[in-house]
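Grab your viewer and work through a few short exercises. Try each task yourself before you read the solution under it.

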Amino acid sequence: MRVYVPTTLKGLAAVHPGGALDQGVAYAVTPALREWYVSDDLEELEYAALNRAAECSLRLLAEDAAAPRRRVVVAVEVADSAVSPYPGDEYEDQGSLGRVVLTGPIPLAKAAAVHADVADEEVAADVAAAALAIAAADKGDSDAQFTVGGAEDHELLWFATQEIPGLLA
């Protein structure tokens, strides 16, 4: 199963090179996400899960003002036993669609790829504004939702795991 683990550049640096992702939260193609997205195309569904993880990365940035303003998501192939269902109700809480719980730390060495925002001033400004607005957006504030959408308009870039040192530089 492919899972998408949200983090920040600061969080990625803390586990590179030999550490493990252990925040417990990840996103994957779950039955609720599949029903919500109404698609049988696995690539589209995984892209939706990646975007859910990118939104969670914004929440991590909101909690850590010292982290560089770039969303980061680590894609990892794990055994089904490494994941358990989210204990809440994905069908009732759209914010948790695709959310799963990692049953233990995942070594960064098992990562398939890293997705991150480009190092660009305009993107960083949009991500910074979205991180400030995410809590209000979650409560239904339409202006804040528009601001969060501004960050989501920027596609995350794909980085091979060998490129992590350059990403962190």
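**Exercise 1. Find the partners of strand 8.**

Task: Work out how strand 8 pairs with strand 9, then find what else strand 8 pairs with.

Solution, step by step. Strand 8 and strand 9 (residues 157-159) run antiparallel and are joined by 3 bridges. Here two strands pair if DSSP finds at least two bridges between them, and strands themselves are DSSP runs (E, at least two residues), just as helices are runs of H or I with at least four, all numbered from the N terminus. For a landmark in this pairing, look for Ala 116, which stands opposite Leu 157 in strand 9.

Next, go to strand 4 (residues 71-77), which is antiparallel to strand 8 and joined to it by 5 bridges. Two landmarks help: Ala 75 stands opposite Ala 113, and Val 72 stands opposite Ala 116.

Before going on, a word on the ground rules. This is a predicted model, with residues numbered from 1 along each chain as its sequence is written. Local features need pLDDT of at least 70 and side-chain atom pairs count only at pLDDT 80 or more, while totals for chains, interfaces and linings use all residues; side-chain values use heavy atoms, with hydrogens and water left out.

**Exercise 2. Continue from strand 4.**

Task: Find which strand pairs with strand 4 over 7 bridges, and decide how well covered strand 4 is.

Solution, step by step. The partner is strand 1 (residues 2-8), again in the antiparallel sense. Check Thr 8, which stands opposite Arg 71 in strand 4. As for cover, 6 of the 7 residues of strand 4 are buried (under 20% relative accessible area; exposed means over 50%, partly exposed in between, with a 1.4 Å probe and protein chains only). Strand 4 is therefore largely enclosed by the rest of the structure. Strand 8 (residues 111-116) is mostly covered too, with 5 of its 6 residues buried.

**Exercise 3. Profile Val 114.**

Task: Is Val 114 buried or exposed, and which residues is it in contact with?

Solution, step by step. Start by locating Val 114 in strand 8. Val 114 has a relative accessible area of 0%, so it counts as buried. Now list contacts (heavy atoms within 4.5 Å), skipping neighbours within four places in sequence: you get Leu 12, Val 72, Val 73, Val 74, Leu 157, Trp 158, Phe 159, Ile 164 and Leu 167. For a C-alpha check, take Ala 160: Val 114 and Ala 160 are 46 residues apart in sequence and 6.4 Å apart in space.

**Exercise 4. Read the two faces of strand 6.**

Task: Sort the side chains of strand 6 (residues 99-102) by face, then profile Val 101.

Solution, step by step. Here's the rule of thumb: in a regular strand the side chains alternate between the two faces of the sheet. In strand 6, Val 100 and Leu 102 point to one face and are buried, while Arg 99 and Val 101 point to the other and are not. Val 101 has a relative accessible area of 26%, so it is partly exposed.

Its contacts, neighbours within four places aside, are Gly 24, Ala 82, Val 83, Ser 84, Pro 85, Tyr 86 and Pro 87. Val 101 and Ala 82 are 19 residues apart in sequence and 8.5 Å apart in space, C-alpha to C-alpha.

Now add the pairings. Strand 3 (residues 25-27) pairs with strand 6 in the antiparallel sense over 3 bridges, with Ala 26 opposite Val 100. Strand 5 (residues 83-85) also pairs with strand 6 in the antiparallel sense over 3 bridges, and there Val 83 stands opposite Leu 102.

**Exercise 5. Spot the cis peptide.**

Task: Which residues does the cis peptide bond with omega of about 10° join?

Solution, step by step. The bond joins His 16 and Pro 17. Pro 17 lies in the loop between helix 1 (9-15) and strand 2 (20-21).

**Exercise 6. Zoom out.**

Task: Describe the chain as a whole, starting with how many helices and strands it has.

Solution, step by step. Count 6 helices and 9 strands. The radius of gyration, over C-alpha atoms, is 15 Å, close to the 15 Å that the globule rule (2.2 Å times the number of residues to the power 0.38) gives for 169 residues, so the chain is as compact as a globular protein of that length. Of those 169 residues, 44% count as buried. Finally, among contacts between residues at least 6 apart in sequence, 72% join residues at least 24 apart.
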